[in-house]
Structures are given as C-alpha cells and as structure tokens.
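User: I would like the terms used for this model explained one at a time. Please set each value against its definition.

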Amino acid sequence: MMLSPASSTSLLHQDAIDHDFSERVRNMFNARAENWNRKYLPRGKLAWRLDAFCETLRECVQPPKEVLDFGCGTGHLAAHLCGHRYRVTGCDFAENMIALARENFGESAITWVELPTRWSRLPFADNAFDAVVASSVFEYLADIHLVLGELARVLKHKGVLIFNVPNPESFRRRRESWSLQVTKQDWIRSAICTIPRVRRYFTYLDLSTNRYGLNQWEWSTQLHGFKRIRKLLQRQDQRPLFMLAFRKTILWSVDAPSSLYQEP
Ligand SMILES: C[S@@+](CC[C@H](N)C(=O)[O-])C[C@H]1O[C@@H](n2cnc3c(N)ncnc32)[C@H](O)[C@@H]1O
C-alpha cells in the first residue's frame, strides 16, 4: 500500500508522540525504581499481587512452562513464578527497574532483558512462550496494538496472556479521573504541582492513560486473536485493579490484525 505524503507525515508525527510518551513512562519508572522495590517487602503494598498472578497462571498453564513477564519492573513477580517452577524471562525498558531485578534475583534462573525505549519488535522468537504476564503495564502503553501484536507473535498457539489494569468503575479510579478533570486548567495544575508529592501524583495520572473497561480490553485483544477465558471473570468487582486472562487462538497471521485467522 502506498501512503500519501500527508498520511506518512502524520504517521511519523504519531510515531514521535508515541516515542516521547514512552520516554516519559521510562523516566518515571527509572526515578521510582528504589521506591517500587520497597513495595514488595513482606507486608509491602504490592506483595499480594504475587499470589494473585501465580494462582491465575496456574489455573491456565501448569509448570514447568515458558513464561514472559512483560514490564517486569524490579523482578518480584518473575522471581515468584520462578519459585513455582516456571521458566521465566523478564523484560522492561526502564533500566533502573531491571537493574534492581538483576541485583535482587541474579541471572542464573531468570533471563532479564532490557528493551530499548523505542522498541517496536520484542527480541524473542515467534511462539517462544506458553504464557505472558503483565502486571500494571498496559495502562502505560503508548501503542497498545503494537504490544498486543508482539505478545501474540511470541506466544504459542493456545498460549495465555494475563494482565491487570485499573478498573475505571472503582472508587479510586473515579477519584483519579475527577482529579484530572478539576486540574485541566494549566494555572491550577502549575499551582498545585509546586508540592513534590502532588507533582508525582499528576505525573503518574498523566501517564497511566489507558483506562478501558472490560469490553474495550476484550475488543482490543480480540483484534490480535485473543479470546477471554471466561471462567476467571467471576472475581471482578469494585477493586481498583482487575485481572484479565486471554487465550491466543490465532493459527496463522501476517503481521496485520485484519489477516488473523481465529479458530471458530
Ligand atoms: C507499574 S510498573 C509494574 C512493574 C511490575 N510489573 C510490577 O508489577 O511490579 C510498570 C512497568 O512497565 C514497564 N513498561 C511500561 N511500558 C513499557 C513498554 N512499552 N515496554 C517495556 N516496559 C514497559 C515500566 O518500565 C515499568 O517497569
């Protein structure tokens, strides 16, 4: 397909916006790496996630199987799954996060992969993994379809994708959305962001942008040949995060989502 000069210019422009966004996400997590690490201390704020992901994964794929922890951060989920006999690869584009993962858990059992900020293809072979987990990553993606396409490529047929994302219906997410609404005007934002803690909160809100409902996640993943695993949905409620699980049903593809063949 030939692109007109106008459309190729706008694609390049979109590309630059996406790269700038990814750079900001990476910078935010590089700056927060030490603090993030502490959230996984025993009784830390995020420690509950480890069992939640592991149980969901075990319902779908029994160890030992190949698992990719996409956006692995400081490596705690990867290490937890490894402790449950999965063979785990963790990848992330924030170098400070993944440096802590290496420092925390070493190189022997888990393969850590640092991605370039502007990655457009994951450095893994087609059909390499039985499962992909992504804990609190999808809400920060500049280009969800690029990532879903790549995760579909590296997953085996019938492979499983499990991720958690903010639940826009929950009280906390509604409050976040309200905070963004009432600070839309630049002068209000500048005034309150003189307080470092408030500035950090709004940096997070500006970058945690993909606040989709269940249907939209289902629709987006379907475009890449994923089908939701329904039995896991009973646990959805008003929690600030919900966990979704999908199975890859693609038999054949040539890059573009429209050419995917799905099993009936
Ligand atoms: C909220 S942290 C979660 C880290 C870890 N999964 C956990 O639950 O502790 C999000 C992570 O995703 C990574 N990330 C976000 N977008 C990414 C992308 N496009 N490619 C690779 N990593 C990404 C960030 O660098 C960050 O480490």
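**Ligand shell and strand pairing**

Analyst: Helices α1 (5–38) and α3 (76–83) each contribute at least two residues to the shell around the ligand. This is a predicted model, in which local features need pLDDT of at least 70 and side-chain atom pairs count only at pLDDT 80 or more, while totals for chains, interfaces and linings use all residues. Residues are numbered from 1 along each chain as its sequence is written.

User: What makes a residue near the ligand, and which come nearest?

Analyst: A residue is near if its C-beta atom, placed from the backbone, lies within 6 Å of the molecule. There are 20 residues around the ligand, and G71, G73, A94, S135 and S136 come nearest. Helix α1 gives the most, four residues; helices are DSSP runs of H or I with at least four residues, strands runs of E with at least two, both numbered from the N terminus.

User: Why is strand β4 called largely enclosed?

Analyst: A residue is buried if 20 or more other C-beta atoms lie within 10 Å of its own, exposed if 12 or fewer, and partly exposed in between, with C-beta atoms placed from the backbone. Seven of the seven residues of β4 (residues 129–135) are buried, so the rest of the structure largely encloses this strand.

User: How do you know that β4 pairs with β1?

Analyst: Pairing takes at least two DSSP bridges between two strands. Strand β1 (residues 66–70) and β4 run parallel and are joined by three bridges, and L68 has V132 in β4 as its bridge partner.
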